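Dear colleague,

I am handing over the structure below, and I would be grateful if you could look through it before reading my notes. What I found follows underneath.

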Amino acid sequence: MNVQENVTTIQHKIAQACQKSGRKDADITIIAVTKYVSVERAEQAIDAGISNLGENRIEGFQEKWEVLNERADFHFIGTLQSRKVKDVIDEVSAIHSLDRISLAKEIDKRSDKPVSCFVQVNVSEEESKHGLTKEDVPSFIKKLRAYPNVKVVGLMTMAPHIDNEDELRSVFSALRHLKEEIEQQEWEHAPCHYLSMGMSNDYEIAIEEGATHIRIGSQLVGRENE
Ligand SMILES: *Cc1c(COP(=O)(O)O)cnc(C)c1O
C-alpha cells in the first residue's frame, strides 16, 4: 500500500474521465475517505497532495480533525444523528448527508454561520440506503429556506454495489438532472452547483456523468491491516 502511488493513479484516471467527457480536472475535488484507516495513513494522503478528508462517524472525524485540521478540510459523509451535530458543526467544511428537516433545524440552531450541505438522495431506492427519494427532493429543498444557516451546495448519492456500468450511469445521470432542476430555481439558499457522487469502484463513471466531489476510501488509503 503506497498512498502516493494510489493518488497518482487516481489523478490519472480522473484526467482520462475528464477528457472523455469534456470536463476539467480542476473541477473535481477528491475527498479521501479515511474511515478504515489510522491518523498516520490519513496524513500520508495529505502528504500526497490531498486536501479534503471524509469521515462517516463522529469518533473518527474528531480523531483525525484534532491532528490534521490545519492541513485539510473535513467532510462529514455519514448518517448524522441530530444530537451529534454540535460535536462537529464548527469543524466541518461540508455535511454530505442532509436527509431530514429535523437535522436542518439542528444545524441551523448550532451554527452561527451558513454551513455547506449536500442533500442526500436515495436514487436507487434501496431500502438499506439513507436519503430522500428523487420526487421528494425539490419540496424538501424549498422548505430549507427557513433555516438560514443551511446552505444547499449540492446533492449527494451512493450508487448500489453493482458492476453494471449502464445501471451506475443511470443513477449518476438521474442525480445530475435533479441537480440541474434545483439549480434552475435559483433559490438563494440553494445554489446547488455540486454533485457528491462516485466512490472507489465507480468514480470514473460518476465523473463522466458530472460528479464534482468524489469520495474515495479503499482505493486511495486502503484498509488498515491489509
Ligand atoms: C465509505 C464511504 C465511501 C468510500 O468508500 P470506498 O468504496 O472505500 O471508496 C464513500 N462515501 C461514503 C458515504 C462512505 O461511507
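**What was found**

Setting aside residues up to four places away in sequence, N56 touches K35, F76, I77, G78 and T79. Please bear in mind throughout that this is a predicted model. N56 sits in the loop between strand 2 and helix 3, and with a relative accessibility of 25% it counts as partly exposed. As for a more remote part of the chain, N56 and F172 are 116 residues apart in sequence, and their C-alpha atoms are 21 Å apart in space.

**The ligand**

One of the residues that N56 touches, K35, also appears at the ligand, which is surrounded by 13 residues, the closest being K35, S200, R215, G217 and S218. Three polar contacts to the ligand can be described individually. The side chain of S200 has an N or O atom that is 2.6 Å from an oxygen atom of the ligand, while G217 uses its backbone, where an N or O atom lies 2.8 Å from a ligand oxygen. Y36 has a polar side-chain atom 3.2 Å from an oxygen atom of the ligand. On its own the ligand has 390 Å² of accessible area, and the protein covers 93% of it.

**Helix 1**

Helix 1 runs over residues 3-21, and its 19 residues reach 27 Å from the first C-alpha to the last, which is close to the 27 Å expected at 1.5 Å a residue. At its start, a side-chain oxygen of N2 comes to within 3.0 Å of the backbone nitrogen of Q4, and just after its end G22 takes a positive phi of about 65 degrees.

The residues of helix 1 that are buried are V3, N6, V7, I10, I14, A17 and C18. Seen down the axis of helix 1, these buried residues fall within an arc of 105 degrees, so they line one face of the helix. What do they pack against? Their partners are strand 1 (29-33), helix 2 (39-47), helix 8 (203-208), strand 8 (213-216) and helix 9 (218-221). The face of helix 1 that is turned away from this buried side carries the exposed residues E5, Q19 and K20.

**Helix 3 and F74**

Helix 3, which covers residues 58-68, can be read in a similar way, with I58, G60, F61, K64 and L68 buried. Viewed down the axis of helix 3, the buried residues fall within an arc of 160 degrees, so they line one face of the helix. They pack against helix 2, strand 2 (52-55), strand 3 and helix 4 (85-88), whereas E66 and V67, on the other side of helix 3, are exposed.

Strand 3, residues 73-76, is where F74 lies. Is F74 buried or exposed? It is buried, because its relative accessible area is 1% and buried means under 20%. Neighbours within four places in sequence left aside, F74 is in contact with L53, F61, K64, W65, L68, N69, E91, V92, S93 and A94. Among these contacts, K64 is ten residues from F74 in sequence, and the two are 8.9 Å apart in space from C-alpha to C-alpha.

**S196 in strand 7**

S196 is found in strand 7 and is buried, with a relative accessible area of 0%. Beyond its neighbours within four places in sequence, S196 is in contact with H96, F118, L155, M156, T157, H213 and R215. R215 was already listed above, as one of the closest residues to the ligand.

**Two loop residues with positive phi**

Two further residues may deserve your attention when you inspect the backbone. E125 has a positive phi of about 55 degrees although it is not a glycine; it is placed in the loop between strand 5 (115-120) and helix 6 (137-143), and at 48% relative accessibility it counts as partly exposed. E186 likewise has a positive phi of about 55 degrees without being a glycine, and it lies in the loop between helix 7 (165-185) and strand 7 (194-196). With 69% relative accessibility, E186 counts as exposed.

With kind regards

How values were computed:
Residues numbered from 1 in each chain as written. Predicted model: local features only at pLDDT ≥ 70, side-chain atom pairs only at ≥ 80, totals over all residues. Heavy atoms only, no water. Helix = DSSP H or I, 4+ residues; strand = E, 2+ residues; numbered from the N terminus. Expected span 1.5 Å × (residues − 1). Buried < 20%, exposed > 50% of the residue type's maximum accessible area, 1.4 Å probe, protein only. Arc of directions from axis to C-beta. Contact = heavy atoms within 4.5 Å. Polar contact = N/O pair within 3.5 Å; in protein donor to acceptor, adjacent residues only side chain to side chain. Near = heavy atom within 4 Å. Areas by Shrake-Rupley, 256 points an atom, 1.4 Å probe, with all protein chains shown as cover.
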